[in-house]
Amino acid sequence: MQSAPERQRWCRMFAKASRARSLLLGSPAAKTGMPTLSRRAQPETGSPAVEGIGIGRAVVWAREPPAPRAARSIREEHNRLARSLARAARSVEDLVRLLPPTEAELFEPEVVILAELGPLLLERVDSGTSAEQAVDESTSATPSDLLVDVRARLLDGLAREERSVGSLLEGRDGDRVLVTEHLTPSVVASLPERVVGIVAASEDAARPGCGFTSHAAILARGRDCPLIFTIPAVVRAIADDDVVVVDTTARPARVHTAPDDATLADARARREAWTRLRSEEEGHVSAPLTHLGLQVHVNIGSIYEHVPASADGIGLVRTELVFSEHTRAPSEAEQFGALRVIARRAAGVPIVVRLFDAAPDKPLSWLSPSSPTSRGIGFLLEHPLILDAQLRAIGRASEHADLRILLPVATSAEEVDRIRRRSGRALAVGALIESPEAIDEIDSIAEAADFICIGTNDLCATVTGQPRADSALTVDGRILRMVERIVEGAHARKRRVSVCGELAGDPHVARILTGLGVDALSVATAHFAKVKHSLHGLSLDDCRGVAREALA
């Protein structure tokens with residue numbers, strides 16, 4: 001239990017946070033502080049998927065690009081290859097910049113290889129060779145780890161669609177807001193850091209929670225990029241380079257297009273207050289929740305995501321989202337580099353790496369399930385080359401950080417044993433429980449695994465019979481009893497249990513899950529401080545009481 005001075009400190013902090021929130025939400029208290037949004041600007045409304053305020057000029061990605069032509073001129077081939085070389089160089093330079101010096105040295109030779117190889121490849125193309133053929137002929141004679149990685153980067157760049165958000169931003173400076181009718185995880189994964197907001201179309205934009213648990217939204221939430229879903233007509237009315245304000249902290253969430261000066265000034269002031277509040281909230285939750293026996297981790301889906309200093313670990317690295325923009329399976333070196341960048345951001349805490357989890361609702365061009373039932377570790381075992389490359393990358397990265405392996409959609413103890421043998425390393429192997437069938441086998445799975453994780457998003461969809469995006473925030477008694485059963489089976493075998501679905505990011509549900517005995521919650525970075533705030537002033541008995549009420 002907290003001491004009286006500690007409780008008083010938290011009360012003062014919560015009061016301060018409440019005042020700041022009232023300013024952001026436009027309550028009467030705002031009259032004495034920050035001005036509310038001008039009524040002269042007529043904003044469009046929508047459904048908020050990621051909270052925040054983004055201000056920038058629009059970059060419109062209105063529809064899917066046309067299929068590339070079969071035949072290209074020498075000039076077109078030259079330009080394709082030049083873009084691929086530039087993209088590959090940027091990706092390696094990003095790794096060098098983000099990694100500590102001793103590990104950056106591993107990738108610095110790739111920068112040199114690309115610089116020396118580029119003119120030779122372009123010369124071949126200028127003589128009439130296709131870009132792919134030039135890369136293939138120049139990199140296959142004397143293969144090495146670095147040359148194989150360079151080859152993979154270049155071929156992947158050539159295979160990507162020529163029209164990309166990155167290409168649309170070329171020659172345009174400043175912060176940008178992506179405006180799109182078709183938002184996919186691969187689009188979000190490829191966004192430069194200066195894209196500070198997203199306006200996406202949805203026919204269901206009026207429905208509360210629209211798109212909240214889509215994989216694109218999960219990735220945007222991890223990157224703290226404000227995202228609003230609105231009706232297609234609003235998206236189509238926004239033109240390239242229009243000034244756009246995305247404000248999902250307001251109620252209702254809104255989009256301002258070409259706002260007047262007063263509205264723009266108000267939005268900037270609100271964004272400053274919002275950023276300050278988020279920073280203060282994160283700073284106030286540094287103390288661990290030892291009084292609850294609970295850890296709070298974060299979920300990661302990109303090498304650019306922020307990891308709070310007080311996070312107890314990374315409870316879920318969604319590796320399929322990290323590489324969702326790839327058109328070819330990422331090389332072992334690429335995966336190793338990405339894991340090392342994430343580990344550096346994590347500053348020594350444990351990291352749970354989920355193996356690639358391709359699914360119909362998050363397709364990967366290099367690992368696409370053939371049917372809605374093909375997914376999880378069972379599906380990945382059917383692609384041994386991809387699986388083994390990932391296990392090798394995790395194994396290499398584990399020499400520098402505390403990494404654990406997580407099996408997606410695990411259904412049996414046998415799957416856990418197969419991955420443990422296949423990894424060839426003494427790494428902890430956990431099982432992600434996402435189906436009622438797996439819960440029926442929880443005793444044997446927990447016996448075989450080193451830890452258990454519960455994926456509530458897919459579990460909720462299966463149990464309720466609703467689409468994943470509609471059910472993932474549903475507090476259903478059946479789900480809670482399943483969580484209780486999983487905890488019971490895992491704890492009987494001294495296995496820790498975490499929850500990594502979107503339910504864990506809801507402060508009220510976080511109390512319920514704590515009361516049900518879970519050992520850790522893993523949430524989006526955007527929800528980290530909010531969840532910790534909600535639990536700091538509670539005792540374990542308080543949480544158990546909330547859980548009993550929910551079960552009843």
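**Exercise 1.** Which residue takes a positive phi just after α19, and of about what value?

*Solution.* The coordinates come from a predicted model, in which local features need pLDDT of at least 70, side-chain atom pairs count only at pLDDT 80 or more, and totals for chains, interfaces and linings use all residues. Residues are numbered from 1 along each chain as its sequence is written, and side-chain values use heavy atoms, with hydrogens and water left out. Begin with the helix itself: α19 spans residues 456-464, where helices are DSSP runs of H or I with at least four residues and strands are runs of E with at least two, numbered from the N terminus. Seven of the nine residues of α19 are buried, where buried means under 20% relative accessible area, exposed over 50%, and partly exposed in between, with a 1.4 Å probe and protein chains only. The buried residues are T456, N457, D458, L459, C460, A461 and V463. The residue just after the helix is G465, and its phi is positive, at about 75°.

**Exercise 2.** Describe the barrel that contains β6, and place β6 among its partners.

*Solution.* Seven strands close into this barrel in the order β1-β5-β4-β3-β2-β6-β7, with mixed pairing; two strands pair if DSSP finds at least two bridges between them. The twist averages 35° from one strand to the next, where axes are lines fitted to C-alpha atoms, for helices over the stretch in contact, and angles run from 0 to 180 degrees between N-to-C directions. Helix α9 (residues 215-222) packs on the sheet, touching β1, β4 and β5, and its direction makes about 75° with that of β1; contact here means heavy atoms within 4.5 Å. Next, take β6 (residues 243-247), of which four of five residues are buried. On one side, five bridges join β2 (residues 53-61) to β6 in the antiparallel sense, and I55 stands opposite V245. Towards β7 (residues 253-257) there are four bridges, also antiparallel, with V244 opposite T257. The strands β6 and β7 form a hairpin with five residues between them. Finally, helix α11 (residues 261-283) lies across β2, β6 and β7, running at about 115° to β2.

**Exercise 3.** Describe the barrel that begins with β8, and give an example of its strand pairing.

*Solution.* Eight strands close into this barrel in the order β8-β9-β10-β11-β12-β13-β14-β15, and the pairing is parallel. Neighbouring strands of this sheet are turned by 30° against each other on average, direction ignored. As an example, four bridges join β12 (residues 429-433) to β13 (residues 451-454) in the parallel sense, and A431 stands opposite I452.

**Exercise 4.** Where does D312 lie, and which side chain of opposite charge is nearest to D312?

*Solution.* First locate the residue: D312 sits in the loop between β8 (295-300) and β9 (314-318). D312 is buried yet has no salt bridge, a term that requires a side-chain nitrogen of Lys or Arg within 4 Å of a carboxyl oxygen of Asp or Glu. The nearest side chain of opposite charge is K532, 4.9 Å away; Lys and Arg count as positive and Asp and Glu as negative, while His and the chain ends are not counted. Then look at the backbone, where the side chain of D312 reaches the nitrogen of V296 at 2.8 Å. Leaving aside residues up to four places away in sequence, D312 touches Q295, V296, H297, V349 and P350.

Key: A polar contact is a pair of N or O atoms within 3.5 Å; within protein, one must be able to donate a hydrogen and the other to accept it, and residues adjacent in sequence count only if both atoms are side-chain atoms.
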